[in-house]
Amino acid sequence: MKLGGIAHLLEYDLRNFFRYKWWIAGMISMNLADLIVMAVVYTNMISPTVAGKYLSYFLFFSPGITITALFAAAFMIGREINREFRRSLSHYLLSLPFSRRELAFGRVLSGGVRGMVYMAPLLATTTFVTWFFTEKLPSPLEMLLVVFALFLVSIGTSGLSITIALSTKSFEKFVTARGVIYYVLFFCSSVFYPLDFIRQLGRDGTLPQPLVFIAEINPLSSGADITRSFLLGYPSFSPLMLLNVALFAAIFVLTATFAYLKIVQE
Amino acid sequence: MAIIRTFDLTKKFGEFTAVDHLNLSIEEGEIFGLLGPNGAGKTTTLLMLTTVIKPTEGTAYVGEYDITKEPDKARRLVGMAFQEPKLMWVMTPWDVLNWHAKVCGLSSSERKQRVKWALTELGLWEDRHKSVHTFSGGMRKRVEVAKILIQRPKIAIVDEPTTQIDIVGKHRIWNMIRALRDEGSTIILATNELYEADILSDRVAIMHRGKLLVCDSPKKLKDSIVGGDLIELVLEKEAAENTVEELKKIEKVVDVLAIKPNHLRIYLNHAEEVLPQITELFMKARLPIRSIRMSEPSLDDVFAHYTGLTIEEAEKQ
């Protein structure tokens, strides 16, 4: 694989990402509404016994928003690849002097980088807000670990999105699959509620065990909790969290690359 | 020297055979026309040569590279302007072409110069920063063709380059294709516009239902139709029967039809070589000629001759 070819693909996908100005404007509005309205309201609604370990629901939720934004931005590459696939625009990319592996891996990486680029200002805001309320900042090494973990989530999400995008030429089916994945991964995770609390509900029989299991293995849970570990100090960091996001990334980078190589080239 | 050779190149999509054991040889530096109605297998053949799709059977050599064994190397020799413009609708022509040139390895200065040249020549310079989704079909097609003109690959493949383009634009693109050939590229031109193939191509291959029917220079293909040339003569007075008989005896004259006593239709081969003999015959017979109209068969006639169908009928099938 040549880095030059991958750099060209990154340029192609990043330029295209910033051309969707209205989509970006919509996402920013949604993320700001989550932070300024939803997090503030919930902070005043939720019992301090649940959110206490995190100081407030607001501080608990802001890393969650960061990871949902990362997920949505990284997932967007699938929409474009599905469109390319439907309109045979993929033929153009296949005719260019890239090796197939460069092309496949380059697209997966592009999706991941897009997620990171969109998420970066949110992570900076979350770090600032946490510092403002707690006067604590993670060390550079801890911050590096957070960024690395989020990058793994991002590239895995890109791979997942590309795999789904290439498994159907129907835009409708792609959008439906995207909706199902969004709801399952967002709501069966520690994005909105602490994993401890989900486990407690599972033990009480309030929440079915399969949903608790999904929340535990969900890479969004691990990504959000790694961020919380180093920003808020709770839950404590476990290498298993990192292993979980690394596995997620490895599985879907491979599946997407395989799908690109086998499906796009008829 | 052949720059492309195909050996029983075949592509099947399920039960449907799009290209059926195609054997072709394309010489370096020629403009090679690939002709046939829609669905003949032209685009599928081109997509295999650019390694976009894989053959089901057989193979092809692009330069010295087998497309099934060394597709990455083969692809580096080829550039393709697609039938349907392959453009992200949010992009501008400047960005599309600049990125394409960058991927194809052009230096920064070379890139800017060629992109500007192509956009100016194709009448797109003023609109270079507009999104392509605001463009007409013809404008999008011009952006697609510009890719290949900027890239100047060793083998340039152009699929229906002038569909949706006005007549002035067509001539401009034809001249640019010729110039590309003169600069050293081998051109493969796929078209169902027979006139376009006739005036541009050094050699033409006609495809029908995935198979190669015939391949030669347009002149030889037209000459291969026995009695395909036509001369219509209007005489000042009636032609005598013995003069008509003598006319029929001239070599390469296939048939003579008297439409009126002074109006003859002569079916023959190589009309331009036989015409002096015919005029001499009438001069000797003291029969002044009022008018002469000469025509040769078109590639439409060649297609009809080999398939028994007009191109429109073949498309309907």
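This is a short tour of chain B in a predicted model, going from the whole chain to a pair of helices and then to a pair of strands.

Begin by selecting the whole of chain B, whose C-alpha trace spans about 75 × 45 × 35 Å along its principal axes. Colouring by secondary structure should bring out 12 helices and 14 strands, and of the 317 residues in the chain, 42% count as buried. If you draw the contacts of chain B with a separation of 6 or more, 69% of them are between residues 24 or more positions apart.

Next, select residues 93-103 and residues 137-151 of chain B, which are helix α3 and helix α5. Two packed helices are described by the angle between their axes and the distance between the axes; here the angle is about 30° and the axes are 10 Å apart, and the crossing of α3(B) and α5(B) is right-handed. To see where the two helices meet, show the side chains of B:P93, B:V96, B:L97, B:H100 and B:A101 in α3(B) together with B:V143, B:A146, B:K147, B:I150 and B:Q151 in α5(B). The residues of this contact divide into 7 nonpolar, 2 polar and 1 charged.

Then move to strand β6 of chain B, residues 78-81, where B:V78 and B:M80 point one way while B:G79 and B:A81 point the other way, and all are buried. In a regular strand the side chains alternate between the two faces of the sheet.

Finally, add strand β7 of chain B, residues 155-159, which runs parallel to β6(B) and is joined to it by 4 bridges; within this pairing, centre the view on B:G79, which stands opposite B:A156 in β7(B).

Note on methods:
Residues are numbered from 1 along each chain as its sequence is written. Chains are lettered from A and ligands numbered from 1 in the order in which they are written. This is a predicted model: local features need pLDDT of at least 70, side-chain atom pairs count only at pLDDT 80 or more; totals for chains, interfaces and linings use all residues. A residue is buried if 20 or more other C-beta atoms lie within 10 Å of its own, exposed if 12 or fewer, and partly exposed in between; C-beta atoms are placed from the backbone. Two residues are in contact if their C-beta atoms, placed from the backbone, lie within 7 Å. Axes are lines fitted to C-alpha atoms, for helices over the stretch in contact, and angles run from 0 to 180 degrees between N-to-C directions. A crossing is left-handed if the near helix is turned anticlockwise from the far one by less than a right angle, and right-handed if clockwise. Ala, Val, Leu, Ile, Met, Phe, Trp, Tyr, Cys and Pro count as nonpolar, Asp, Glu, Lys and Arg as charged, and the others, Gly among them, as polar. Two strands pair if DSSP finds at least two bridges between them.
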